[in-house]
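I opened my notebook to go through this structure step by step. What would I look up, and in what order?

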Amino acid sequence: MADFDLIVIGSGPGGYVAAIRAAQLGLKTACVESRETLGGTCLNVGCIPSKAMLHASEYFDAAANGAMAAMGIKVKPELDLDTMHGQRRDAVKGLTGGIEFLFKKNKVEWIKGRAAFTSANSIDVAGKSYTAENFIIATGSSVTPLPGVEVDNAKGIIVDSTGALELAKVPAHMVVIGGGVIGLELGSVWRRLGAKVTVVEFLDQILPGMDGDVRKEANKIFKKQGFEFKLSTKVTGAQVKGKKAVLSVEPAAGGAAESIEADCVLVSIGRRPNTDGLALDKAGLAVNARGQIEIDHDFRTTIPGIWAIGDVVPGPMLAHKAEDEGIACAENIAGLTGIINHDVIPSVVYTAPEIAGVGLTEEAAKAKGEIKVGKFPMMANSRAKTNHEPDGFVKVISDAATDRVLGVWCIASVAGTMIAEAAIAMEFGATSEDIAYTCHAHPTHSEALKEAAMAVQGKPIHM
Ligand code: FAD
Ligand code: NAD
């Protein structure tokens with residue numbers, strides 16, 4: 001008999017959620033984690049600490065940039081970076097400790113150390129062998145390195161996202177390589193605290209994968225905030241000279257090179273799946289060309305009894321996607337039917353304003369057939385206007401024939417909260433008319449979603 005019904009490898013939002021659900025369903029479950037604390041990238045060095053710094057720095061910025069003074073609150077902020085880092089660490093400690101508590105409560109055994117397969121039904125962790133009827137690989141992802149730009153988080157000059165969360169002082173000039181989610185979120189933190197931030201992006205626009213209008217508008221808003229963008233530009237190397245880094249950059253299409261001096265360089269050009277050291281071959285598994293473990297609709301790999309979820313499998317690298325896959329996968333292992341609708345996974349960039357979307361972009365929807373689009377500016381939303389948050393818009397994209405909503409995109413101070421309503425509507429197959437005729441509380445930012453849905457029919461009230 002095997003030691004466990006299920007061993008989950010990795011305790012990120014995919015792994016820990018899968019382990020808890022499996023234990024709730026009566027499976028004898030263990031979770032292997034090599035970090036000192038549970039919670040994976042998300043809780044330790046990702047979603048949570050970045051949001052702690054974004055939240056605190058937003059308050060600082062509002063006090064420093066005159067936004068509070070405009071509402072009659074005169075303050076002269078003084079930065080206490082140690083305390084700001086302290087509240088970030090407290091948030092991480094509280095939440096990772098919370099997972100340990102939930103493991104104990106649900107009788108999930110934490111096996112401490114790195115797992116490596118020794119066969120399709122056994123692993124080795126710290127020299128000890130464990131067998132299980134089922135394994136879920138939930139080993140997540142780590143930073144994609146950029147050749148010629150060597151990260152050294154301890155020095156704090158060329159850093160990745162983990163190093164950028166821990167900077168001991170505000171850099172005078174930060175260069176962000178990659179205008180994606182991490183670059184814009186962590187770039188925002190340090191810009192708000194006083195750094196000049198230059199973003200070097202290989203493509204001709206920031207935020208690849210998002211709706212075209214959203215990308216353009218976001219670029220305009222970030223520029224207004226003081227970000228400098230070098231689009232269609234590639235970094236070819238970096239050298240550390242004393243306390244500075246000197247970057248060599250050139251046009252992506254080729255041309256004259258130039259150098260940029262920075263006090264800190266953040267490398268944020270994407271993340272890659274973690275499979276090194278897992279000895280997948282011993283289990284009979286292989287990875288695809290992108291280093292991911294391929295799965296079917298039920299999260300099964302090609303080897304019976306081995307399943308995979310989260311950042312290590314194809315799809316967006318998002319904590320909530322990993323969590324939902326964890327629940328569904330555990331339910332499938334327990335003999336239930338766990339399903340994820342991968343067409344309705346919201347994504348949010350936690351800048352100010354926030355940027356959020358769910359479903360198809362306008363470009364992707366158009367490529368599939370006739371569509372209708374309704375757009376409503378936040379400037380015309382009474383709550384956003386009253387709160388001095390005029391930037392952004394909501395856009396609803398629907399099928400021209402059926403009116404079924406295909407995508408919703410939104411730039412607004414609370415876009416991350418607003419997008420949940422759009423996701424529920426889409427999950428239930430709503431039409432734009434369904435949203436337009438749903439009563440929305442006044443005054444709320446969410447009324448902009450209702451108005452954008454009304455605009456699909458050409459009939460918004462406040463525009
Ligand atoms: P992970 O969270 O990466 O966890 C995998 C775990 O497996 C790790 O703890 C690792 O130590 C462990 N592990 C790996 N190999 C082994 C092994 N062989 N043996 C034992 N243990 C192993 N997503 C969002 O949705 N919202 C956000 O706001 C957000 N912010 C982010 C901010 C930053 C700075 C970063 C870097 C990421 C952010 N993400 C965000 C992405 C999110 O963190 C990931 O999508 C999510 O953590 C993936 O979950 P996972 O369970 O697949 O893997
Ligand atoms: P990303 O894929 O979002 O952005 C990387 C950017 O770097 C892209 O715009 C890409 O064109 C650019 N790039 C790639 N190579 C380059 C080069 N050589 N020079 C210049 N630019 C280059 O990746 P990320 O920002 O590192 O984030 C990684 C993952 O973490 C994302 O998949 C994201 O889903 C997840 N994440 C999510 C959140 C969130 O949900 N709020 C926050 C942080 C991270």
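Entry one. I started with Val181, where a backbone N or O atom lies 3.3 Å from an oxygen atom of ligand 2. I kept in mind that this is a predicted model.

Entry two. I looked for further backbone atoms at the ligand. Ile182 has a backbone N or O atom 2.9 Å from an oxygen atom of ligand 2. For a backbone N or O atom of Gly270, I also read 2.9 Å to an oxygen atom of ligand 2.

Entry three. I asked how much of ligand 2 the protein buries. Taken alone, ligand 2 exposes 840 Å², and the protein buries 78% of that.

Entry four. I went round the shell of ligand 2. It holds 21 residues, and Ile182, Glu185, Glu201, Gly270 and Val348 come nearest. I sorted the shell by class and found 13 nonpolar, five polar and three charged residues. Which helix gives the most to this shell? I found that helix H6, residues 181–192, does, with three residues.

Entry five. I turned to a helix pair. The axes of H3 (residues 47–64) and H4 (residues 81–106) come within 9 Å. They cross at roughly 140°, and the crossing is right-handed. I listed the residues that make the contact. H3 brings Ile48, Pro49, Ala52, Met53, Ala56 and Ser57. H4 brings Leu81, Met84, His85, Gln87, Arg88, Ala91, Val92 and Leu95.

Entry six. I classed the residues of the H3 and H4 contact as well. They divide into 10 nonpolar, three polar and one charged.

Notes. Residues numbered from 1 in each chain as written. Chains lettered and ligands numbered in written order. Predicted model: local features only at pLDDT ≥ 70, side-chain atom pairs only at ≥ 80, totals over all residues. Heavy atoms only, no water. Axes fitted to C-alpha atoms, helices over the stretch in contact; angles between N-to-C directions. Helix = DSSP H or I, 4+ residues; strand = E, 2+ residues; numbered from the N terminus. Left-handed = near helix turned anticlockwise from the far one by under 90°. Contact = heavy atoms within 4.5 Å. Nonpolar A, V, L, I, M, F, W, Y, C, P; charged D, E, K, R; others polar. Near = heavy atom within 4 Å. Polar contact = N/O pair within 3.5 Å; in protein donor to acceptor, adjacent residues only side chain to side chain. Areas by Shrake-Rupley, 256 points an atom, 1.4 Å probe, with all protein chains shown as cover.
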